[in-house]
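Please open the structure in a viewer and keep the selection tool at hand. The tour below proceeds from whole chains to single residues.

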Amino acid sequence: MSKSMHKTPMLDQLESGPWPSFVTGLKRLATDEGKQYQDTMVDLLGQLELSYNTRKGYWKGGTLSVFGYGGGIIPRFSEVADQFPASKEFHTLRIMPPAGMHYNTKILRQLCDIWEKHGSGLIAFHGQSGDIMFQGATSEKVQESFDEINELGFDLGGAGPAVRTGMSCVGAARCEQSCANEQKILRLLVNNFLDDMHRPALPYKFKFKVSGCSNDCMNSIQRSDMSIIGTWRDDMNVDQQEVKAFVGQKGRKYVIDNVITRCPTKALSLNDDDTLAVDNPNCVRCMHCINVMTKALSPGDDKGVTILIGGKRTLKIGDTMGTVVVPFMKLDTEEAYEELKELAETIIDFFADNALEHERTGEMIERIGLANFIKAIGLDVDPNMISNPRESSYLRIDDWDKEAAKWNDRKAA
Amino acid sequence: MPPRQPIESGVPDPIQYMHPVMAKNYGAWKYHERPRPGVLCHTAKSGDQVWTVRAGTQRQMDLYTIRKLCDIADEYAESHVRFTIRSNIEFMVSQEAKVKPLVDKLVSEGFPVGGTGPSVAMISHTQGWLHCDIPGSDASGVVKALMDELHEEFINENMPNRVHMSTSCCQINCGGQADIAINIQHTKPPKINHDLVANVCERPSVVARCPVAAIRPALVNGKPTLEVDESKCVYCGACYPPCPPMQINDPEHSKLAIWVGGKNSNARSKPKFHKLVAAGIPNNPPRWPEVATIVKKILNEYKADARDWERLSDWIDRIGWPRFFEKTELPFTKYHIDNWRGARSSLNASAHIRF
């Protein structure tokens with residue numbers, strides 16, 4: 001006979017309403033007669049109800065990993081284990097999903113079966129860093145759970161000062177706006193740094209995110225140290241018959257108000273015959289018009305990626321967005337992918353050697369200046385890296401002539 | 001027996017799990033349409049089509065929920081699913097005739113179908129009291145309560161443009177930038193348990209962690225510890241994760257704040273960070289009604305006044321902040337005026353005033 005349920009009047013109020021209830025799910029596990037996780041989930045609900053009453057959290061971290069790795073497990077020990085002993089250990093395994101988060105039901109059921117046998121029965125698809133979160137294993141069961149999940153072809157993700165689990169959008173698998181092979185890029189980069197992921201030894205976390213176009217569905221500019229965004233450098237594709245059809249269907253006013261005038265660089269104009277004129281050299285590939293006219297407009301054919309470095313949230317110096325370090329990189333050969341990988345290696349090596357403890361790339365660049373960072377990683381400065389040139393006159397120009405000559409030489413080459 | 005060595009396999013190849021029509025037409029899609037809220041139809045250059053049905057989940061799922069979704073995928077779809085960044089599940093089918101029965105089944109099993117186009121998408125969130133070691137609030141509960149309130153806006157496409165929301169239980173803001181973000185905002189300095197600091201915390205790194213240099217080494221009752229210059233402290237809680245005896249969470253004084261206008265997309269304008277609009281909101285489980293009231297007020301004003309395709313930030317750019325505060329009836333205070341580094345760029349250095 002299992003433990004009896006704790007009273008949970010607060011949590012019970014989260015069972016009603018139209019949205020699926022996680023509380024109902026937790027209770028289902030807590031009343032699952034005979035399952036090894038049943039008592040754990042009874043006490044987990046008890047602890048969560050306590051948090052709802054006292055408005056305090058009761059988990060503390062610790063040190064725990066699997067054999068051969070140093071990170072990837074989020075240890076959780078209860079501070080109220082005297083009241084809720086069955087959930088005193090409730091660790092999470094961060095497991096990297098297939099790029100683009102594709103599954104078939106067979107693999108999902110296999111993952112569930114493992115977690116039924118060894119874990120709590122609770123899985124989050126997915127955590128904010130992009131991992132499958134297997135939430136709730138005892139210290140004893142962490143290794144067995146990992147071993148079985150690992151045998152299925154899944155690996156632990158990152159935690160702590162390490163290369164972290166990355167994310168890529170659905171991209172080329174389904175989206176016509178995709179300008180890159182997102183899943184290939186993500187796997188190329190993350191799988192090249194598994195040592196830095198599984199044995200945390202960097203100054204702080206380092207994240208890769210890959211979006212196939214500048215809609216940036218993966219929030220890569222705001223949320224990753226190295227953001228790879230698909231783009232194109234030739235003219236965008238315009239199907240003028242579809243443009244006419246769209247104007248016919250929606251009306252000129254709609255097209256002018258929602259497409260033409262919304263272009264951030266005024267690169268669009270509606271012709272008298274209801275076709276579209278595009279000033280391609282002034283298009284900034286923002287994606288707005290393509291988002292609106294999905295049948296008529298699409299990215300160009302000469303595709304590649306833009307690379308930005310240094311995005312992160314508040315702590316410690318305030319939010320930073322990633323900023324451009326490579327305006328365009330063509331990824332049409334294996335050699336080109338190799339160059340991308342080498343650039344990432346150079347950046348992570350520089351980060352490892354030069355960032356202060358607990359400093360992200362964005363903070364490091366803020367501290368040393370973008371120009372120094374660019375020089376250190378062996379790239380050339382480019383006006384695409386800035387919104388505007390310097391406004392401050394506090395400046396030494398010791399090497400001006402030499403630097404100007406570099407630019408002129410590059411232009412002449 | 002020697003311990004098992006891990007297979008360091010990294011990110012799995014998705015092709016093996018991908019819907020076959022998607023794998024076949026990889027990188028060769030032509031256009032997409034949205035036949036109804038919650039449903040996408042993508043057409044490939046080959047002429048193949050794939051319909052996607054998107055449904056909301058509770059993210060923290062029990063085995064029975066996942067297996068039920070698998071049963072639905074096997075019986076009503078084609079056994080291939082994927083998850084979005086906002087924890088929605090997507091079922092892909094190669095025949096249009098399968099869409100309606102699939103939608104009906106999902107809805108009848110309690111999974112709302114929506115989250116596409118100009119709707120309020122599922123709220124990005126993290127762990128909260130359920131699993132985090134530093135949370136000031138819950139995550140799943142706040143999201144459940146809010147999504148109950150916003151359900152109609154999830155299953156319809158009635159907003160001017162998409163609305164992304166997030167919640168975060170500390171100021172690290174794991175939920176991320178959003179059109180509307182609901183984040184913990186502490187209002188008191190950490191309470192320090194001086195008996196524990198020396199044994200638990202690596203003091204120099206805690207000192208280094210403080211963004212305003214308010215923490216310094218000290219001796220209390222003869223024990224080495226840390227002290228906080230409370231006149232400098234900005235109550236951010238950065239010291240708490242590396243030093244749990246510096247408790248920042250407070251049942252009464254950890255409040256919620258609402259931030260608006262964040263946007264990750266580059267469409268029209270460059271990406272933007274969200275901005276503070278409301279604070280001092282009680283952290284009030286199990287349903288956080290005060291938060292829901294303000295969020296719904298902001299959403300209603302945006303819905304009524306923004307033009308098609310304007311994200312919340314685009315709308316505010318057009319109407320201006322004075323009108324935003326007027327319409328939402330939120331108080332504008334001295335705390336809305338930034339004083340952190342770079343703050344001057346957020347001041348109005350012009351005579352551009354709306355009357």
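Helices and strands are here DSSP runs of at least four and at least two residues respectively, numbered from the N terminus. The model on display is predicted.

**Stop one: chain A.** Select chain A and colour it by secondary structure; 15 helices and 16 strands will appear. The C-alpha trace of chain A spans about 80 × 60 × 40 Å along its principal axes. Chain A has 413 residues, of which 57% count as buried. Its exposed area is about 16,700 Å², with 49% supplied by carbon and sulfur atoms. Colouring by charge will show 48 positive and 58 negative side chains in chain A, two sets whose centres lie 5 Å apart.

**Stop two: the domains of chain A.** Next, give a separate colour to each of the domains into which chain A is divided: domain 1 (61–71 + 90–151), domain 2 (167–232 + 304–379) and domain 3 (237–298). How far apart do the C-alpha centres of domain 1 and domain 3 of chain A lie? The separation is 46 Å.

**Stop three: chain B.** Now select chain B, whose secondary structure consists of nine helices and 14 strands. Its C-alpha trace extends over about 80 × 75 × 35 Å along the principal axes. Of its 355 residues, 59% count as buried. The accessible surface of chain B is about 14,500 Å², and 53% of that belongs to carbon and sulfur atoms. Chain B carries 43 positive and 38 negative side chains.

**Stop four: the nonpolar cores.** Select Leu93(A) and Ile258(B), the residues that touch the most other members of the largest nonpolar core, a set of 111 residues. Domain 1 and domain 2 of chain A both contribute residues to this core, so it lies between them. Apart from it is another core, of 48 residues, including Met226(A), Met321(A), Val325(A) and Phe350(A). Return to Ile258(B) and display its surroundings: beyond its neighbours within four places in sequence, its contacts include Ile180(B), Ile182(B), Leu276(B), Val291(B) and Ile298(B).

**Stop five: Ile73(A).** Select Ile73(A), in strand S2 (residues 73–74) of chain A. Is this residue buried or exposed? Ile73(A) has a relative accessible area of 5% and is therefore buried, the cut-off being under 20%. Not counting residues up to four places away in sequence, Ile73(A) touches several residues, among them Leu64(A), Val66(A), Leu93(A), Val142(A) and Leu156(A). A distance drawn from the C-alpha atom of Ile73(A) to that of Gly160(A), 87 residues apart along the chain, should read 9.7 Å.

**Stop six: cis peptide bonds.** Move to the loop between strand S6 (122–125) and strand S7 (132–137) of chain A, where His126(A) is found. The peptide bond from Phe125(A) to His126(A) is cis, with omega near 0°. In chain B, select Pro286(B), in the loop between strand S14 (275–281) and helix H7 (289–305). The bond from Pro285(B) to Pro286(B) is cis, with omega near 5°.

**Stop seven: positive phi angles.** Which loop of chain A holds Asp274(A)? Asp274(A) is found between strand S12 (268–270) and strand S13 (276–278). Although not a glycine, Asp274(A) has a positive phi of about 65°; at 15% relative accessible area, Asp274(A) is buried. Finish at Met287(A), in the loop between S13 and helix H11 (288–292) of chain A. Met287(A) is not a glycine either, yet has a positive phi of about 85°, and with 2% relative accessibility Met287(A) counts as buried.

Notes. Residues are numbered from 1 along each chain as its sequence is written. Chains are lettered from A and ligands numbered from 1 in the order in which they are written. This is a predicted model: local features need pLDDT of at least 70, side-chain atom pairs count only at pLDDT 80 or more; totals for chains, interfaces and linings use all residues. Side-chain values use heavy atoms; hydrogens and water are left out. Buried means under 20% relative accessible area, exposed over 50%, partly exposed in between (1.4 Å probe, protein chains only). Accessible areas come from the Shrake-Rupley method with a 1.4 Å probe; for residues, only the protein chains shown count as cover. Lys and Arg count as positive and Asp and Glu as negative; His and the chain ends are not counted. The place of a charge is taken as NZ of Lys, CZ of Arg, CG of Asp or CD of Glu. Domain bounds come from an automatic or database domain assignment. A nonpolar core is a set of buried Ala, Val, Leu, Ile, Met, Phe, Trp, Tyr and Cys residues joined through side-chain atoms within 4.5 Å. Contact means heavy atoms within 4.5 Å.
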